[in-house]
Amino acid sequence: MTGRLVVVSNRIPTEAVPSGGLVVALHDALSEQGGLWIGAHPETGDPDAPFEEIGGAPYRRLAFRLSEADYENYYLGFANSVLWPLSHHRVDLVEINAAYTAAYLAVNRRLARRMAAILQPDDLVWIHDYHFLPLAAELRALGVGNRIGFFLHIPVPNITDLEVLPHPPDYAAWLAQYDLVGLQTRTDVARCLEIYRADPRAEFLPSCAVKFEDRVTRVQSFPIGIDVAAFRADALSAGSKGDGMEARANYVIGVDRLDYSKGLPNRFRAFERYLQDHGTGDRLSLVQIAPPTREAVDAYRRITADLEYIAGQVNGLYGAFDWSPIRFIHRPVPRDEIARLLRGAKACLVTSLADGMNLVAKEFVAAQDPDDPGVLILSRFAGAAEDMTDALLVNPYDHDAVAQAIDRAAHMSRDERLRRHAALTEVVERTDVRAWSRSFIDRLSRLEPGLLLRGRPLREALARFDRPSPPRALRLSTKPT
Ligand code: GDG
């Protein structure tokens with residue numbers, strides 16, 4: 001593999017040895033290959049100041065600052081009040097605002113200028129997520145011909161929802177400037193290709209390649225996973241803290257950032273339906289860990305109030321002196337504690353209404369005792385459901401179905417739990433986050449750099465683009481994308 005790896009992500013780790021799945025995988029890849037990690041500094045500051053070096057890693061970390069106005073308009077605004085709801089099928093929550101659009105384009109343009117000044121011709125650039133959709137377009141406009149890959153951690157929007165984007169944003173044209181577009185699922189690939197199918201500027205080539213004006217881009221799924229060994233170790237090492245939550249205790253668990261895409265009100269209502277339909281005799285509790293996130297955005301404040309209301313109502317109606325049906329923990333919990341709570345649960349509830357992947361589903365499986373595993377109840381609308389078909393798959397809008405799944409999980413035979421858990425473990429191990437990052441980098445590094453079709457016969461250009469690759473040691477998915 002030639003050249004440095006240049007990673008761009010919204011957050012940049014500031015600690016010497018970072019923790020958390022994705023960050024660890026990128027840290028490993030950068031430590032192995034050498035390169036740069038570019039990201040937004042956690043604190044706002046002068047947006048025109050040069051990159052700030054964050055030391056302590058075997059590769060360079062360069063942080064840029066957002067101004068207060070950028071944070072409002074670019075981060076909370078366009079990224080999290082336009083693109084996030086749009087991509088999670090919540091067009092009703094999209095806030096169109098010209099200042100948001102302008103700031104989003106300006107932050108990407110500013111970053112592109114800064115990157116163009118330091119990129120070397122054989123650098124492999126890997127850009128992450130919806131904060132930077134137009135970054136490749138801005139880099140190309142500055143003459144950057146490097147191979148540039150993009151991974152979208154959230155779902156591809158529905159084609160009809162894209163109409164809501166204010167002009168000039170152009171989702172299809174932004175993505176087309178990348179050499180490789182990585183998506184979480186095959187369904188996302190299908191949605192992305194549908195966007196190109198409807199666009200007169202796009203033309204389809206074999207193997208999910210799309211010719212868009214004078215460039216060719218590849219669209220492929222790379223289902224992300226977790227650092228399986230590290231999470232297992234966390235689950236095993238965290239001992240009981242004597243809080244009544246010892247191994248295999250009588251609770252189902254949910255762990256989510258408090259986000260409307262995670263279907264938390266549905267989950268609470270479904271748990272209420274379970275109590276209504278199946279009674280309180282089992283004394284099963286729902287432990288919900290939901291640390292606050294993006295609280296400056298209205299939609300996030302409203303959902304917190306909704307959840308507090310439902311939890312209060314259900315506990316008031318069904319609780320007893322010595323038992324609370326819903327335990328709602330609205331603050332961050334340490335990672336090893338989460339691993340321990342996942343291991344001790346009878347079942348895990350993932351009820352996302354839309355979700356790129358959902359790593360908690362994979363963490364739950366990794367945390368289980370293989371001789372006495374708990375049961376995963378998983379929304380059909382989480383990307384994880386595409387491969388984790390041995391979970392109890394549910395429609396989170398159907399409270400009856402979720403309530404039945406809770407009851408079924410609570411009483412499932414050990415044989416069935418063992419069978420399902422073994423199949424789910426196979427998926428979780430196959431999609432380990434290190435395999436995921438290696439697979440993406442491997443694919444990107446084999447592509448013809450900055451392929452431009454202009455002035456070159458199409459057949460010749462495609463022959464170069466589709467030249468056979470040596471056999472790959474890694475295959476993330478056995479199914480075609
Ligand atoms: C985006 C996409 C995609 C949660 N509460 C605490 C805590 N967590 C950890 C979980 C898990 C992570 O946060 C959440 O990951 P998810 O994948 O579930 O969701 P998003 O944050 O929305 O992530 C998603 C992901 O990107 C990766 O591509 O799967 O679809 O939306 O690891 O355990 N961790 C700690 N304390 C908490 O209170 N320490």
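**Group meeting talk: cores, cavities and a few residues**

Let me start with a single residue, H128, which touches V7, V8, S9, L22, L26, F150, F151, H153 and W436, leaving out anything up to four places away in sequence. Before going further, a reminder that what you see is a predicted model. H128 sits in strand β5, residues 124-128, and it is buried, with a relative accessible area of 3%. One of its partners deserves a closer look: H128 and H153 are 25 residues apart in sequence, and their C-alpha atoms are 7.5 Å apart in space.

Now let me zoom out to the chain. The protein chain has 15 helices and 16 strands. It has 481 residues, and 59% of them count as buried. How do the contacts spread along the sequence? If we take contacts between residues at least 6 apart, 76% of them join residues at least 24 apart.

Let's go inside. The largest nonpolar core has 101 residues, and M115, I127 and L135 are the ones with the most contacts inside it. Which element gives the largest share of this core? That is helix α2, residues 68-87, with nine residues. The core also draws at least three residues from each of domain 1 (5-225 + 434-467) and domain 2 (228-431). Apart from it lies another core, of 59 residues, and A57, I224, A249 and V433 are among them.

If you'd like to click on one residue of the largest core, try L135. Not counting residues up to four places away in sequence, L135 touches V8, N108, L111, A112, M115, I127 and Y178. Two names on that list, M115 and I127, you have just heard, as they stand beside L135 among the residues with the most contacts inside the core. V8 may ring a bell too, since H128 also touches it.

Staying with helix α2, have a look at W84, which is found there. Is W84 buried or exposed? Its relative accessibility is 6%, so W84 counts as buried. Leaving aside residues up to four places away in sequence, W84 touches A79, Y130, I154, R257, D259, Y260, S261, R294 and Y300. Take Y130 from that list: W84 and Y130 are 46 residues apart along the chain, yet their C-alpha atoms are separated by 7.9 Å.

One more residue on the inside is S437, in helix α14, residues 433-446. S437 has a relative accessible area of 3%, which means that it is buried. Beyond its neighbours within four places in sequence, S437 is in contact with A25 and W126.

On to the empty space. How many cavities of 30 Å³ or more does the structure hold? There are three. The largest cavity has a volume of about 50 Å³. Around it you will find Q184, T185, R186, P223, M357, K362, G383, A384, E386, D387, M388 and V427. By class, that lining divides into five nonpolar, three polar and four charged residues. And where does the lining come from? It draws at least three residues from each of domain 1 (5-225 + 434-467) and domain 2 (228-431), and you will remember that the largest nonpolar core draws at least three from each of those domains as well.

The second largest cavity has a volume of about 40 Å³. G374, V375, L376, D390, R417, R420, H421 and L424 line it. Two elements give two or more residues to this lining, namely β15 (375-379) and α13 (414-430). The largest share, four residues, comes from α13. Sorted by class, the lining of this second largest cavity has three nonpolar, two polar and three charged residues.

Last stop, the backbone, with two residues to check on your screens. H89 has a positive phi of about 60° although it is not a glycine. H89 lies in the loop between α2 and α3 (98-118). Its relative accessible area is 31%, so H89 is partly exposed. The other residue is R283, which is not a glycine either but has a positive phi of about 50°. You will find R283 in the loop between α8 (264-278) and β12 (285-289). With 37% relative accessibility, R283 counts as partly exposed.

That's my tour. Thanks, everyone, and I'm happy to go back to any of these residues on the screen.

Definitions and conventions:
Residues numbered from 1 in each chain as written. Predicted model: local features only at pLDDT ≥ 70, side-chain atom pairs only at ≥ 80, totals over all residues. Heavy atoms only, no water. Core = buried A, V, L, I, M, F, W, Y, C linked by side-chain atoms within 4.5 Å. Buried < 20%, exposed > 50% of the residue type's maximum accessible area, 1.4 Å probe, protein only. Domains from an automatic or database assignment. Contact = heavy atoms within 4.5 Å. 1 Å grid on protein atoms, 1.4 Å probe; cavity = no way out; pocket = protein on both sides within 12 Å on 5 of 7 lines; lining within 4 Å. Points joined across faces, edges and corners; volume = space filled by probe spheres on them. Nonpolar A, V, L, I, M, F, W, Y, C, P; charged D, E, K, R; others polar.
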